[in-house]
Amino acid sequence: MRYGAKILFEDVSTVFQSARRYGLTGPNGCGKSTFMKVLSGELEAQKGSVVRPKRVGVLSQDQFAFDAFRVVDTVIMGNRPLWQALSERDALYAKTDMTDEDGMRLGELEGIVAENDGYSAESDAAILLDGLDIPEALHERKMGELQGGQKVRVLLAQALFGGPDALLLDEPTNHLDLESIHWLQDFMLRYQGTLIVISHDRHFLNSVCTHIADIDYQTIITYTGGYDEMVLAKTQIRSRIEAQNAQREKKIAQLQEFIARFSAGTRSSQVMSRKKEVERLQTSDLAKSNIARPFIRFEMKRPSGRHALEVKGLSKSYGEHSVIRDFTASVSRGEKIGLLGRNGVGKTTMLRSLIANAPGATDEPFDINNGAVEWGHEVSVGYFAQDHRATIQPGRTILEWLQDIDPTAGTEELRGLLGQMLFIREEATKPTEALSGGEAARLIFCRLMLQKPNVLVLDEPTNHLDLESINALNIALQKYDGAIFLVTHDHDLLDEVATRIWRFDGKGIEDFKGAYEEFQTAYA
């Protein structure tokens with residue numbers, strides 16, 4: 001498959017075997033979603049063929065596409081021929097003046113419905129929904145009334161409807177909180193068919209996958225094991241090929257030196273044999289890897305005082321709904337706090353309450369109801385908003401936007417910073433409104449590196465990032481000496497960065513003074 005001059009993958013032959021769970025990996029833009037669409041039959045490959053089982057379940061990536069439909073109907077849509085037959089049949093029955101032709105068509109449709117077990121479709125869908133922890137009370141409700149985690153479970157039921165032999169899941173953990181992600185992991189470990197999943201969550205891939213199918217070097221290479229094992233194997237293979245090529249280059253150089261010295265002399269037979277050996281050894285160019293690793297390093301202009309933040313009796317409500325009640329905490333310089341809880345329990349509200357009067361942070365005006373938030377001596381705050389695109393001013397180029405943030409920074413310094421975050425030279429003049437989600441996130445990191453704050457407030461910073469960028473962010477946050485407030489659904493990021501947990505459960509906020517692993521042990 002190619003787009004214009006860009007080859008995504010070429011001459012790929014691979015087999016996905018039954019009862020194995022494959023992670024499909026590769027950086028943003030390498031063609032993972034395209035390959036998944038080719039596997040499902042939604043897209044036609046430009047060359048080659050795909051043999052797939054009769055029934056393939058596909059998890060819809062768009063959680064909002066079914067908002068107008070009943071939950072039970074959304075599940076039945078997983079069997080497209082059945083749903084189309086049911087819809088057409090209902091439309092014909094609704095007609096007041098049915099023709100003979102309509103009657104003939106109804107007979108055909110009843111045949112399709114019977115063939116696809118359509119008369120038990122609603123009860124079959126209900127059994128699936130119950131098994132996925134969607135209670136009967138929600139089955140008749142519209143999808144738009146459900147929470148994100150519930151929607152994903154309904155869409156999983158849709159993918160599973162009709163007992164597919166293979167399940168294709170593109171970013172199933174998007175918009176899920178950690179509790180829902182852990183539930184999804186357990187579910188996938190029990191699935192018996194062929195599973196292929198795209199995810200940018202390293203812990204998820206390590207927990208679920210028996211194999212990794214990696215898109216790189218314009219092909220797909222399958223490795224045994226989880227994501228970390230794939231990275232190790234890939235690095236070793238690459239190093240070995242590079243070492244072999246280096247040895248061949250050295251040998252060729254020695255042979256060519258002999259040829260140059262003696263080609264005009266009497267040792268013509270030896271020269272000819274060495275020329276043949278050079279042709280045999282001529283190294284084939286290594287296909288270029290499409291993996292690019294950003295370089296993220298957060299520095300501080302100056303450290304803050306020992307007490308970075310004091311929160312006293314903080315309360316915040318929306319109308320009658322109380323989100324934060326009388327919360328008090330003290331945060332020291334260098335503490336790294338992970339905010340944990342289901343979607344909608346108040347994590348973003350807490351961050352916005354903290355930064356409302358924070359030196360250096362910019363956000364829309366935000367009022368708390370009661371209490372006080374007092375930042376310490378010399379504190380400067382860098383903020384990564386969940387809706388980070390809204391914080392990037394339109395009508396500017398990338399370079400102009402960064403120059404507005406720090407007018408003292410030179411053009412080459414800013415270009416160097418953009419290069420660290422994988423913006424090629426000509427992209428510096430790209431309009432800010434044309435940025436993709438991943439590019440916008442990387443640009444916000446450029447801003448934070450430019451600002452050099454001593455407190456970082458990050459609200460779901462891994463959304464839209466590929467695995468390489470998430471790993472680079474993880475390392476940067478571990479090395480950062482300032483305080484961090486972090487909302488994330490990435491298990492590894494929370495586990496390896498946080499030194500303290502604020503747990504939101506809808507009733508209150510527990511301040512757990514310990515790492516995520518200790519927190520899990522305490523609440524196991």
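K452 counts as partly exposed, with a relative accessibility of 24%. In this predicted model, K452 is placed in the loop between α14 and β14, a strand that covers residues 455–459. Although K452 is not a glycine, its phi is positive, at about 55°. L422 also has a positive phi, of about 75°, and is likewise not a glycine. The place of L422 is the loop between α13 and α14, and its relative accessible area of 28% makes L422 partly exposed.

The loop between α13 (411–420) and α14 (437–451) also holds T432. T432 is buried, at 6% relative accessibility. Its contacts, leaving aside neighbours within four places in sequence, are I392, Q393, P394, G395, R396, T397, I398 and W401. One of these residues, P394, is 38 residues away from T432 along the chain, yet the two C-alpha atoms are separated by 5.5 Å.

**The protein as a whole**

The protein has 524 residues, of which 47% count as buried. Its secondary structure consists of 17 helices and 17 strands. The C-alpha trace spans about 100 × 80 × 50 Å along its principal axes. Among contacts in the protein with a separation of 6 or more, 68% are between residues 24 or more positions apart.

The protein exposes about 26200 Å², and carbon and sulfur atoms supply 49% of that area. There are 60 positive and 75 negative charges, and the mean positions of these two groups are 9 Å apart.

**The nonpolar cores**

In soluble globular proteins, nonpolar side chains tend to be buried together. In this protein, the largest nonpolar core has 50 residues. V154, L156, L169 and M188 are the residues with the most contacts inside this core. Helix α6, residues 148–160, contributes seven residues, the largest share of the core. A second core, separate from the largest one, has 38 residues, including F298, A440, L443 and C446.

L169 illustrates how the largest core brings together residues from several parts of the sequence numbering: L169 touches M36, L59, L156, M188, L195, I196, V197 and I198, not counting residues up to four places away in sequence.

**Two helices**

Helix α11 covers residues 347–355 and includes S353. Eight of the nine residues of α11 are buried, so this helix is largely enclosed by the rest of the structure. The buried residues are K347, T349, M350, L351, R352, S353, L354 and I355. S353 itself has a relative accessibility of 2% and is buried. When residues up to four places away in sequence are not counted, S353 touches L314, K316, I324, F366, I368 and V373.

Helix α7 covers residues 178–190 and includes H182. H182 counts as partly exposed, at 23% relative accessibility. H182 touches H491, Y516 and Q520, again without counting residues up to four places away in sequence. The C-alpha atoms of H182 and F204 are separated by 8.3 Å, and these two residues are 22 residues apart along the chain.

**Cysteines**

A disulfide is a covalent bond between the sulfur atoms of two cysteines. The count of disulfides in this model comes to zero. For C30, the closest cysteine sulfur is in C209, at 15 Å, and this is too far for a bond because a disulfide requires sulfur atoms within 2.5 Å. C30 is nevertheless buried, with a relative accessible area of 5%. C446, a member of the second core, is also buried, and its relative accessible area is 0%.

**Accessibility of selected residues**

The table collects the residues discussed above.

| Residue | Relative accessible area | Class |
|---|---|---|
| C446 | 0% | buried |
| S353 | 2% | buried |
| C30 | 5% | buried |
| T432 | 6% | buried |
| H182 | 23% | partly exposed |
| K452 | 24% | partly exposed |
| L422 | 28% | partly exposed |

The classes follow from the cut-off, because buried means under 20% relative accessible area and partly exposed lies between that value and 50%. T432, at 6%, therefore counts as buried, whereas H182, at 23%, counts as partly exposed.

Terms used:
Residues are numbered from 1 along each chain as its sequence is written. This is a predicted model: local features need pLDDT of at least 70, side-chain atom pairs count only at pLDDT 80 or more; totals for chains, interfaces and linings use all residues. Side-chain values use heavy atoms; hydrogens and water are left out. A nonpolar core is a set of buried Ala, Val, Leu, Ile, Met, Phe, Trp, Tyr and Cys residues joined through side-chain atoms within 4.5 Å. Buried means under 20% relative accessible area, exposed over 50%, partly exposed in between (1.4 Å probe, protein chains only). Helices (H or I, at least four residues) and strands (E, at least two) are DSSP runs, numbered from the N terminus. Contact means heavy atoms within 4.5 Å. Accessible areas come from the Shrake-Rupley method with a 1.4 Å probe; for residues, only the protein chains shown count as cover. Lys and Arg count as positive and Asp and Glu as negative; His and the chain ends are not counted. The place of a charge is taken as NZ of Lys, CZ of Arg, CG of Asp or CD of Glu.
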